[in-house]
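Work through the exercises below with the sequence and coordinates open. Each task is followed by a solution in steps.

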Amino acid sequence: MHEASIALSLIAVATETMQEHGGGRITALTVRIGQWSAVVPEALQAAFPAAAEGTPLECARLSIVRVPGVGDCPTHGPVTLDLRRGLRCPVCDLPTPTLLQGDELELDELELD
């Protein structure tokens, strides 16, 4: 379960950001997770409370925004991908060699107290 180490990394980044802005405590954070990022949102949600214990994020609310995969089809342009079909256009079945979105793991927002 690498989501525990991801939770620890997010907490480190959030704590550093909080210190840069002079905040005393983080009450909520929002993370964007791409469908193709290999991160399981439910596992991250489950790992977060234990990882946050004893940090400025203890009792903070973790919100996860799921980002769908969008590939660049050479014929149809940007298309929403289906994980079951892989990196292929859902319209014409051509490979979509460029993933435009969906592989991100981003700390998007922090709420400071």
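**Exercise 1.** Which residues does His2 touch, not counting residues up to four places away in sequence?

Solution. The model is a predicted one. Begin with the place of His2 in the chain: the residue belongs to the segment before α1 (3-20). Next, list its contacts under the stated exclusion, which gives Ala38 and Val39. Then classify its accessibility: buried requires under 20% and exposed over 50%. His2 has a relative accessibility of 41%, so it is partly exposed. Finally, look at the annotation: an unreviewed UniProt entry lists His2 under "binding site".

**Exercise 2.** Compare the span of α1 with the expected value, and find what its buried residues pack against.

Solution. Count the residues of α1, which come to 18. The expected span is 1.5 Å times one less than the number of residues, and for α1 this is 26 Å. From first C-alpha to last, α1 reaches 25 Å, close to that value. Now take the buried positions: Glu3, Ile6, Ala7, Leu10, Ile11, Ala14, Thr15 and Met18. The buried residues of α1 pack against β1, α2 and β6. After the helix comes Gly22, with a positive phi near 70°.

**Exercise 3.** Determine which strands β1 is joined to, and in which sense each pair runs.

Solution. Start with β1 itself, residues 26-34: seven of the nine residues are buried, and the strand is mostly covered. Take β6 (residues 105-112) as one partner; seven bridges join it to β1, and the two run antiparallel. Within this pair, Val31 lies opposite Leu107 of β6. Take β2 (residues 61-67) as another partner; here seven bridges join strands that run parallel. Arg32 is opposite Val65 of β2. To finish, follow the chain from β1 through α2 (residues 41-52) to β2: these elements form a β-α-β unit that is right-handed.

**Exercise 4.** Find the bridge partners of Val70 in β4 and in β5.

Solution. First consider β3 (residues 70-73) with β4 (residues 77-80), an antiparallel pair with four bridges. Three residues separate these strands, and together they form a hairpin. The partner of Val70 in β4 is Thr80. Then consider β3 with β5 (residues 98-101), which pair through three bridges, also in the antiparallel sense. In β5, Val70 is bridged to Gln101. The result is Thr80 in β4 and Gln101 in β5.

Definitions and conventions:
Residues are numbered from 1 along each chain as its sequence is written. This is a predicted model: local features need pLDDT of at least 70, side-chain atom pairs count only at pLDDT 80 or more; totals for chains, interfaces and linings use all residues. Side-chain values use heavy atoms; hydrogens and water are left out. UniProt positions are given in the numbering used here, feature names are shortened, and annotations may be inferred rather than shown by experiment. Buried means under 20% relative accessible area, exposed over 50%, partly exposed in between (1.4 Å probe, protein chains only). Contact means heavy atoms within 4.5 Å. Two strands pair if DSSP finds at least two bridges between them. A crossover is right-handed if, with the strands pointing away from the viewer, the path from the first strand over the helix to the second runs clockwise.
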